[in-house]
Every structure is written in C-alpha cells, then in structure tokens.
Amino acid sequence: MWSMRTEVTGCILSLGGNWRMWALRSLLLRSAAGRTMSQGPARRQRPPKDPLRHLRAREKRGPSWEPGGPNTVYLQVVAAGGRDAGAALYVFSEYNRYLFNCGEGVQRLMQEHKLKVSRLDNIFLTRMHWSNVGGLCGMILTLKETGLPKCVLSGPPQLEKYLEAIKIFSGPLKGIDLAVRPHSAPEYKDETMTVFQIPIYSEQRCGKHQPSQSPGRLSPEQSSDSGSTENEQHLPDGVSQRKGGRDPSLVVAFVCKLHLKKGNFLVLRAKELGLPVGTAAIAPIIAAVKDGKSVTYEGKEILPEEICTPPDPSLAFVVVECPDEGFILPISENATFQRYQGKADAPVALVVHIAPERVLADSRYQQWMERFGPDTQHLILNENCTSVHNLRSHKIQTQLNLIHPDIFPALASLHCQVVSQNSPHWPAPYPLLSLHGACFCLLQEENAPFTVPIVRGECLLKYQLRPRREWQRDALITCNPDEFIAEALEMPNFQESVQEYRKTAQDGPAPAEKKSQYPEIIFLGTGSAIPMKIRNVSSTLINISSDKSLLLDCGEGTFGQLCRHYGDHVDRVLGTLAAVFVSHLHADHHTGLLNILLQRERALASLGKPFHPLLVVAPTQLKPWLQQYHNQCQPLLHHVCMIPAKCLQKGTEVSNSEVERLISLLLETCDLEEFQTCLVRHCKHAFGCALVHTSGWKLVYSGDTMPCETLVQMGKDATLLIHEATLEDGLEEEAMEKTHSTTSQAIGVGMRMNAEFIMLNHFSQRYAKIPLFSPDFNEKVGIAFDHMKVCFGDFPTVPKLTAPLKALFAGDIEEMEERREKRELRLVRAALLSRKQEGGPEDREPQQKRAHAEASQSPQSKKVRAK
C-alpha cells in the first residue's frame, strides 16, 4: 500500500507548480481515508441502473402480445390546478406510464416526488394553451437526455406546430422520435388501456363573443390583437405573419378504457382436481379457463370458475377540460360521453374535471356529471384546490429563515376555509372534500350543491383503479414547519453558529448610514439546466422601487416562484413589472416568459390598471419563437415590445426610430440612466447587462458565461455583480467545455471589475442545497438561494451567514468534498499511469525519496487552491 502511495507521490513531484500542491493535498487527504477503508473488504459497486429496461421488456414480449390487463393501475395528481402549478395527472400501471398535461413546473414536481420521467412514452394534452404545454419543451429535452427513443403526444393538431416552434431555440431534437397523434386518429391501444380522443368545440367557434374564461386561462378573443401589428412588422424576414393556425375553440377529452384483466389460475385447486400442474399439458388448460371456457380432462368437464378467479371487468376513466361556459353544451351533448353514462359496457370509475368554479356551478354541467351515476367518482382540478406542491422549497426556506428572517423570508402559504357542517353553504348530500393527509378539510362552495361524490385534487393524491377502486392518501404532502425547524435545530453546531453570528452583528460597529430598501433583489431561480426540487432555473427579480421592477432572465416556473414568494400579492408585483431581460435562448433562461406575459394581463385587469405591452430586452432570435407560437398556438404578440439586446451594446448606433423610442421608454420607466449589454462567452448571441440607476447605483448581471473581459469592462465599479458560478474549483476544464465559470473564476471577475459586492448564482444541480466554498470567498462574496432577498444594506451581513449555512448543510458539504477527493485521486492515478508510460522506474527513484520527506512535513489541513 505504501509503495503504491510512494509511487503516486513521486509522480506528483514531477508535475510541478500549483498542480503538484493540489494533487499532493488530495493524496494526503485520501491517505487517512484509505487506511480506514483498507481495514474491511472493498464494497462491490452496484451495476448502473438501466432507465430503459421497460422498453427491452416490451420488445421481449414481441409483436404477438395480446392485452391481458394490468394488475395495478392508479391515477395520481401531479399538479392540482392552482395558479402556480396548473393541472397535471400521472397514470401508472406496471406496463406503462402516462402524463396528462404538462404545464410549467410539472417536470420539477415529478423529479421531487420521484415520479419517473424516463418511463413517459405518452403525453396527452387537453388544450393548446400555455397552462397545459408550458413545461413540455423542458420535458422533451429531459426525455431526450434519458435516452427515451420515442414519445407520442396526443391532443390538438397544433402540437405539430408547437414542436416545430420549440426547435427554434432547442435545435434539432436528434435522438428522440417525437410523434403527434391528432384527435382525428384512431384510438390508441397498448398493454394497459385503449384511449379514445374526443374533440370538443366551443359554441363560440363560429365567431360569437366568448364568455370570460377562468382567471389565468384567458381566451384569445378576450385578448385583442390590436397591439400586435406594430410588433409583427419588425420580425425578421422569412417568418410567417399568418394567424390562421390556432384554434382556441377546441379542447380534447380522453376516455381511457382499461383492458379486461383475466382471472388468476388457482394452482392448488387444480392439483386437487388432478390436473397436470407443472407439465406442458397445463398450458392450454390455463389459457382456456382464463378465457372463460370450460375444459374436459380425462372425461371430466371442469368449469372455469372452479379453477380460476373471476376476471376483473374493464373500467374507464375520463379526463375532460371545460375552460368556460361555451364548452358546457358541446360536452353534455357529446354522443361518445353518452355511451359511457348509465349502463355502459365499461363503467366509468372516475371523471377528472379541469374546470373553473363557475363551470362546475352551472346546472347543465352538474346534470351531465349526474348522468355518470352514483358509483362514479369526480376529481376537480382548478385554482380553488389549495395544495402544497414544492415541499422541499418550503422546508429549506423554513430552515434558512432561522438564520436571517429578512434575507430568507418565509414562503407564502394558502389556507382553505373550514366550513361547519351546519353552514347553509354545506353542499348536500355529498360534501366537497379536500384531503389533507389523514384529515378532511371541508371547503365552502357558493351555489354548488353537488349531488355526486366530489373530491378536490391535491398534489400526490391517488385514485386506484386496480386491484380495487379507492382513494389513497398515504402519499399526500404534509407541510409541517415545526418539523423542519426541529430538524435544523438538531444539526450539530447550528444553533451555536446562529447565536454567534447574531452576537457578532450586535457587537459590530453600527453602519455609517442606513441604506435604502431599494433596489431589492429577489432570487427566484438559482440553479442551472433543469428545474430541480430545491433550486429552480434562472430568474432574478429586481424591485427598483415600490412600483417599478424588472426580471433578469425568466426560466420555466418563474411565475410559480413569484406565487410562492408573494402569495396573494403576486398580482401587485406583476403590476409593477416594467421589463424583462433575456440573456440568451437556452430553455432554462426564457421558457417562463410566456406565462409571465399571460399572468401579467390578468394581474393588470384585477388591479384595474390599463393594459400595456411589456418591454422585453432579448436576442433577436427570440422573435421567431414568439411569432410561431402566436401564429399557431395562442395570441401573445400584443403582450410584447421587443428591444434587441444588440442595440444596447456600447457604441451601437440605432437607426430604427421605433427601437429608439422603446429604449427611451425603458430608461424612463425604470428610472435608469443606462441599460447596457455586451456579448459574453457562452453560446452564440448570449448577453450580459449593466443597469445604472439615476441615483447612482450600478447592477451587473453576467447571464451564462466563462470569465469575460468585456463584462469586466462594462461592469467597472459596479455596486453589485450577479455572476454565474456553475461549477466548483477544480472543474475548470469542464467549465470551459460547457462555457461556464467556476466559483473562483466568478469571484475573480468581480475583483477585476472592482465590484462592491458579488452574488454567485446559477449553480449546477449537483450542488442542490449549497455549492462548495472556494478559498477565494471573502467579505465581498455571497451565495444566492431561491427566494433569498437582499438589498445593498445587506452586503456586510451576507458573508457572515457562511458559518450557519455550513452548519445547516454540513452533511451535504461533506458528501461533496468526498466526491471531490475521489475525483482528485482519479486524476493523480491518471497522471501516474501517464508517467509510467513515459519513463522507467529508475527515473522515478529520486523523486520518491523527495516525496517521502515532503509528505512527512505537509500538514493534512493545508488548503491549496487548484488553478
């Protein structure tokens, strides 16, 4: 063992310079761990999981497979229909997994709650609206990364155009076969069920006035295109301005009929009757009785019920969206639905209603629900379904709040209204139930006396269809802040570090002057690439004043983060939003924009403010995406006034008078003296920006970039630099390959910029809770967390929070350091192997002697930074 380590040490000494010191540190740290590990047998590593083994099992069954019916089938609520999460359902069988609707944040919820994305080969969409498809782009990219060969999207015909549109920024989606099964296609059949698509057209299809739709799901007719002409004329050549592709009057409902499950063969009973159990002769007997046929064996007739359990009959469930009253009559009169009402061949066990309250309260709709009969359950998904979805966000924020309640404010929560059973609002004979863990919360519903069994959706609520029909509540989320607090307080040294920080803050010198509350920086998304359970993707809200704000990037789920941060006050915040800066066209930086636009229109209406387009500073390549979605899917160009980011670069002459006007409006609206952009070192057309306020402060945002000298020059003497720090020190090569920065590189940019303070964000999701600290961390550097709120007066405080943060996340930091040490040892071994190939043993002997002497003098605790 020692000779091996001696050989490695000799190799280290030949490396020279900082590399030698860094590798030696790794070796010394590893030495102690290696001695401990050598005392026991080496642990055999598990083989890597095969995420696509279900596809190989399906291939093995072969084309001759016939439906036999699954043993286990259940529906599970992923998103309960709330404004922050939309409505989405996950359907499970041992053979297949399905997703119904995929709004923003659905992928994040599935990841948090361990609902396997890699098994989704069918996604069903009820309507071409951003609330249903907003997370589809990110989901497709993730499915592609898992190696899923094919995914089929069923629903409105515009899905084909939607897929074409997302390729504008995602590039060609090679490696995954994406197919669209339009509503006109024949029924779909697989091992689990047969799915029938039912197109439903609104009464207003012929051009009548559309009734106002549910909040947040505004109909195209409500949103006038009067402001879109001016925007469309500035779109690049070759982009179609035709508006005829979208069809807002269409929703697609799904009737899903489970295959009949054949009975189970009773082996012991068959033995008692003398059947040839265990021989080849039993196979045709089993097949016959499972098909309900009698068999004759040795002259004796045996009935199927004697040796086989009864078959489990076919069941059906229905998923239907009714966005507004214009769809009620077409739904209630639909002939396909009528075949499943009353005495149907396949009784409907469950109907899922994605519908606002006024639709549910309509007598016509209630009569349609009643026709399914008293044995059919009804699940409601809409904005009145109050449910905690992102439990881990609530947990970590509750614990961070113990450190500093102002910098880490508690998240907003919604509470349902409990109604007495004697209340006049109590619906009879069936109450409207919201299932909170083991208790029932009875919700007030005005003018909605349901006469069918109704259940409100909650995240992870299950309805099992097989083996028996029942609601299952064991997976429901319980958000208990007391538990989160108790867990944090049990962390070693956590309470002591918090108390020490507070004592230091009290004993420290008083600030020379109390800085203003504004600007206020709210970090809404501090992770990179894909939304994860703790860190959402990129977005930062800058509250310039009490009535002016702007967003720096707008990744998927940004609106949901605003809802969780501000709760019922989210409309007020959207009402103050003056501009959005999109740094580049990677999906984790801009796919939340459309929901912000749509929700902002609703917010302005609720506040009684006049509607006006939102200023969007972005690469010009964003325009074709917005245009294509506008033409084929949903009108939105009237929401946007685009300012090309390249027009705000230093020294750029703007010849377009309309762009000049919009730039002036941007500066005036946001009280800015300057809004400057520069190209950074990431993908093509990636920008950073610098905002200079009329009061003198300067804020610089890097977007995604490697260390960039142009950004340094643009940001000189910044008050605050928000810089990406995707990877830890020691991963400079990987950072260069991915065109990102390490923590020390980001800090170095801030130092060269002479920034007063540096906030690091955009961390790789491998650092889910906290990144590894760099030796370059100092009193001018802070780490961003989702929902963290800072103003300039907090600069002295933020670095002092490091000790409590390290105590709170000590276990995570230890795991990351172990991974780093293993990685460093692999590098040393690789260097040793390379050295062996280059020279003989006599070349290394003097180096080994030097290594012995130097290793014995080197303290293990010595910290050496990797260059």
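What share of the contacts in the chain with a separation of 6 or more is accounted for by residues 24 or more positions apart? In this predicted model, such residues account for 71% of those contacts.

**Figure 1. Overview of the predicted chain and of the confidence placed in it.** The secondary structure of the chain comes to 30 helices and 32 strands, and of its 867 residues 58% count as buried. The mean pLDDT is 83, with 79% of the residues reaching 70 or more, but some stretches call for careful reading. Over residues 414–447 the pLDDT is below 50, although this stretch has 77 contacts in the model beyond near neighbours in sequence. Residues 849–867 likewise have a pLDDT that stays under 50, and for them the model has 30 contacts beyond four places in sequence.

**Figure 2. Close-up of an open sheet formed by eight strands.** Reading across the sheet, the strands come in the order β6-β5-β4-β3-β2-β1-β18-β19, and their pairing is mixed. The edges are taken by β6 (177–182) and β19 (470–472), each of which has a single partner strand, so one side of each is left without a neighbour in the sheet. On average, and with direction ignored, neighbouring strands are turned by 20° against each other.

**Figure 3. Close-up of the pairing of β4 with β5, and of the helix that lies across these strands.** Strand β4 (residues 120–124) and strand β5 (residues 150–155) run parallel and are joined by three bridges; for N122, the bridge partner in β5 is V152. Helix α6 (residues 136–146) lies across β3 (97–100), β4, β5 and β6, and the helix runs at about 165° to β4.

**Figure 4. Close-up of the packing of α6 with α7.** Helix α6 packs with helix α7 (residues 159–170) at an angle of about 70°, and the axes of the two helices are 11 Å apart. That angle makes α6 roughly perpendicular to α7. On the α6 side the contact involves L136, C137, I140 and L141, which meet L159, Y162, L163, I166, F169 and S170 in α7. Sorted by kind, the residues of this contact divide into nine nonpolar, one polar and no charged. As a reminder when following such a contact along a helix, an α-helix has 3.6 residues a turn, so residues three or four places apart point the same way.

**Figure 5. Close-up of the packing of α19 with α22.** Helix α19 (residues 558–566) and helix α22 (residues 593–607) have axes that are 8 Å apart and pack at an angle of about 55°, which makes α19 oblique to α22. T558, F559 and L562 of α19 make the contact with N595, I596 and Q599 of α22. The residues of this contact divide into three nonpolar, three polar and no charged.

**Figure 6. Close-up of α23, a helix that is mostly covered.** Ten of the eleven residues of helix α23 (residues 622–632) are buried. The buried residues are L622, K623, P624, W625, L626, Q627, Y629, H630, N631 and Q632.

**Figure 7. Close-up of T652 in a loop.** T652 has its place in the loop between β25 (640–644) and α24 (657–669). The relative accessible area of T652 is 35%, so this residue is partly exposed, a description used for values that lie between 20% and 50%. When its neighbours within four places in sequence are left aside, T652 is in contact with K646 and C647.

Note on methods
Residues numbered from 1 in each chain as written. Predicted model: local features only at pLDDT ≥ 70, side-chain atom pairs only at ≥ 80, totals over all residues. Heavy atoms only, no water. Axes fitted to C-alpha atoms, helices over the stretch in contact; angles between N-to-C directions. Helix = DSSP H or I, 4+ residues; strand = E, 2+ residues; numbered from the N terminus. Parallel < 35°, antiparallel > 145°, perpendicular 65-115°, else oblique. Contact = heavy atoms within 4.5 Å. Nonpolar A, V, L, I, M, F, W, Y, C, P; charged D, E, K, R; others polar. Pairing = 2+ DSSP bridges. pLDDT = per-residue confidence, 0-100. Buried < 20%, exposed > 50% of the residue type's maximum accessible area, 1.4 Å probe, protein only.
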